[in-house]
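Reader: I have a model open in front of me and would like to go through some of its details with you. Could we take it piece by piece?

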Amino acid sequence: MPDKRDVTRLLMAVLVVLAAVSCSPTTAADPAIVNTRAGAVRGHVDDEVRVFSAIPYAAPPVGPRRFTEPGPVSPWSETRDATGPGVECPQPGHESDLPQNEDCLLLTVTMPRHTEGKVPVLVWIHGGAFVAGNGVGYDTRKLAAAGGIAVVTFNYRLGTLGFLAARGLSDVIGNYGLLDQEAALRWVQDNIAEFGGDPAQVTIAGQSAGGVSVCDLMASPKAAGLFRSAIMQSAPCQAQAAVATAIRDSTAYAAEVGCPAGPDTASCLRALSIDVLRDSPQFTGIGLPVSPVTGTPELPRLPLNAFVSGAAPPIPVLMGSNANEATVFVAQQYQNGPVPRTVEEYQSALESKYAGRAAELGRRYPLSEFGGNVLAALAAIDTDNSYACPTFAMAEALTGRASVYAYEFADPVAPVEPRYRDAPLPLGASHGSELGYLFDMSRPLNQESAALSALMIRYWTQFVKSGNPNVVGQPEWPRYVPGGAFLRLAPPAPQPEEGFTGSHQCGYWR
């Protein structure tokens with residue numbers, strides 16, 4: 001008969017094992033399952049990454065929640081499938097294959113397959129002029145697997161549903177999409193550790209309207225403490241609407257869709273079908289259809305003013321623009337119409353857009369510098385005015401209080417969408433072309449461009465890890481100082497380049 005002490009020791013050993021199993025995180029037993037605060041999710045796992053998609057980060061903004069601040073997620077009891085493609089928020093047209101649904105506040109988490117400890121987190125905010133786009137279309141495998149970081153992408157409300165600023169809808173005047181972004185960041189703080197990410201090491205990043213969003217979040221009191229560094233790509237951060245302008249234009253829009261100002265405006269707008277609301281208001285004078293609204297609790301002041309005054313957090317920033325931002329927009333403008341070719345037609349185009357500045361611009365940007373191509377000259381003007389010089393202004397405003405690393409993406413053979421291959425001007429490094437170097441956008445790169453892509457991924461992910469993009473063995477990226485060098489990202493290798501302000505005539509545009 002066994003000794004009682006032996007039986008006791010055996011029972012204690014069994015209890016210890018059982019306790020260890022019950023206390024171990026689910027991911028130790030099954031890496032495809034993670035317990036969020038709202039419930040368990042099952043994702044996809046392969047040799048390189050773990051991907052969890054279409055996870056709700058806020059309550060569906062439908063019915064009485066349309067035009068309100070996002071609410072908390074309702075918990076679920078069964079393990080939720082997180083392997084599907086999800087949806088995108090309602091928007092004009094159908095650029096993607098995703099279904100559009102007002103219940104669209106979903107995010108995707110991509111993790112390296114094997115990690116040691118908690119890894120830094122990149123939260124990517126998609127662009128699309130605040131009226132289009134989604135978080136699903138960014139394949140973040142390379143960033144996560146090669147860089148050893150967690151990457152979160154997400155949808156936020158767009159257009160009318162995201163930024164209509166008519167009075168009486170809720171306690172918020174517009175800015176629903178901006179508040180969605182903050183809700184996604186709070187979800188990251190609450191849940192990313194369960195996936196293996198470090199909530200204390202979050203970097204926000206975005207391109208175009210996503211980059212503008214990064215500027216806005218840096219200036220938003222409600223976003224304070226939700227991230228420790230920021231990346232802004234091709235971000236015209238002056239694109240915000242003053243509250244009075246946004247209210248005026250939104251009130252006019254509401255009347256146009258059949259909901260004039262009055263006590264029933266809110267119920268009228270909430271009763272309309274999505275199809276009626278797909279086309280958004282047009283906020284005056286911001287260069288975009290709609291945008292976040294300044295002069296509000298969410299965004300008290302313009303980001304640039306916040307940067308200059310020191311109201312924004314002193315965090316590391318990686319920022320830049322592309323050498324030929326506006327070529328793709330000029331190609332779109334003249335895609336189906338007559339192309340101006342003469343000096344007279346060039347001056348006429350300048351006068352129609354820049355009025356009294358046309359003659360001066362014609363002298364500063366002579367056609368002879370652009371091989372006589374009128375569209376290339378117009379694109380250079382728009383690039384400098386809307387992207388390069390605002391980027392320079394932000395770098396100047398931020399440096400001194402925090403580390404700033406500035407770049408200009410300038411690969412002259414960056415791949416373009418097939419519809420622009422016959423454009424009437426060389427596109428070069430146009431708006432959005434750098435995205436294919438960070439994400440898998442299914443645009444093949446030649447050998448030199450692929451090498452640049454690998455370098456950029458290491459720069460970006462090292463910045464997420466440390467607030468400094470420099471990696472041993474890569475060309476040095478100097479910290480920006482006033483009037484200093486931007487890193488020129490172009491084959492055969494990146495190199496610091498002085499004279500950014502001169503080449504883009506920022507003295508004139510300031």
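Reader: How many of the residues of α6 are buried?

Author: Happy to start there, keeping in mind that this is a predicted model. A residue counts as buried under 20% relative accessible area. Among those that pass in α6 are Ala 209, Val 212, Cys 215 and Met 218. The helix is largely enclosed by the rest of the structure, because the buried residues number eleven of the eleven.

Reader: Which residue in the loop between β9 and α6 has a positive phi although it is not a glycine?

Author: The loop in question runs between β9 (197-207) and α6 (209-219). Its residue has a relative accessible area of 13%, so it is buried. Phi is about 60° there, and the residue is Ser 208.

Reader: Where is the other loop residue I noticed, Gln 505, and what is its phi?

Author: Gln 505 sits in the loop between α17 (500-503) and α18 (506-509). With 17% relative accessibility it counts as buried, because the cut-off is under 20%. Its phi is positive in a residue other than glycine, with a value near 55°.

Reader: Let's turn to a long helix. What distance separates the end C-alpha atoms of α14, and what span should its residues give?

Author: Helix α14 covers residues 374-398, which makes 25 residues. At 1.5 Å a residue, the span should be 36 Å. The computed separation of the end C-alpha atoms agrees with this, at 35 Å.

Reader: Where does α14 bend, and by how much?

Author: The bend is an angle between axes fitted on either side of one residue. In α14 that residue is Asp 384, and the angle is about 45°.

Reader: What lies at the start of α14 and just after it?

Author: At the start, a side-chain oxygen of Asn 373 reaches to within 3.0 Å of the backbone nitrogen of Leu 375. Just after the helix there is a residue with a positive phi of about 100°. That residue is Gly 400.

Reader: Is α14 mostly covered or mostly uncovered, and how many of its residues are buried?

Author: Helix α14 is mostly covered. Of its 25 residues, the number buried is 22.

Reader: How are α12 and α14 arranged, and which hand does their crossing have?

Author: The axes of α12 (residues 343-354) and α14 come within 10 Å and cross at roughly 30°. Angles under 35 degrees count as roughly parallel, and the two helices are therefore roughly parallel to each other. As for the hand, the crossing is right-handed.

Reader: What does α5 show for its span, its bend and its burial?

Author: The 20 residues of α5 (residues 176-195) should span 28 Å at 1.5 Å a residue, and the end C-alpha atoms are 27 Å apart, which agrees. The helix bends by about 45° at Gln 189. It is mostly covered, and the number of its 20 residues that are buried is 15.

Reader: Which residue takes a positive phi just after α5?

Author: Phi is about 110° at this position, just after the helix. The residue is Gly 196.

Reader: Which residue does the side chain of Glu 360 contact?

Author: Glu 360 is in helix α13 (residues 358-364). With a relative accessible area of 25%, it is partly exposed. An α-helix has 3.6 residues a turn, so residues three or four places apart point the same way. The side chain of Glu 360 makes a polar contact, at 2.7 Å, with the side chain of Arg 364.

Reader: Is Leu 122 buried or exposed?

Author: Leu 122 has its place in strand β7 (residues 119-125). Its relative accessibility is 2%, so the verdict is buried.

Reader: How far apart in space are Cys 104 and Pro 90?

Author: Cys 104 is found in the loop between β5 (80-81) and β6 (106-112). It is buried, with a relative accessible area of 1%. Cys 104 and Pro 90 are 14 residues apart in sequence, and their C-alpha separation is 8.3 Å.

Reader: One last item: which peptide bond is cis, with omega near 5°?

Author: Look in the loop between β15 (486-489) and β16 (495-497), where Pro 492 lies. The cis bond is the one from Pro 491 to Pro 492.

Technical notes. Residues numbered from 1 in each chain as written. Predicted model: local features only at pLDDT ≥ 70, side-chain atom pairs only at ≥ 80, totals over all residues. Heavy atoms only, no water. Helix = DSSP H or I, 4+ residues; strand = E, 2+ residues; numbered from the N terminus. Expected span 1.5 Å × (residues − 1). Bend = angle between axes of the 7 residues up to and from the residue. Buried < 20%, exposed > 50% of the residue type's maximum accessible area, 1.4 Å probe, protein only. Polar contact = N/O pair within 3.5 Å; in protein donor to acceptor, adjacent residues only side chain to side chain. Axes fitted to C-alpha atoms, helices over the stretch in contact; angles between N-to-C directions. Parallel < 35°, antiparallel > 145°, perpendicular 65-115°, else oblique. Left-handed = near helix turned anticlockwise from the far one by under 90°.
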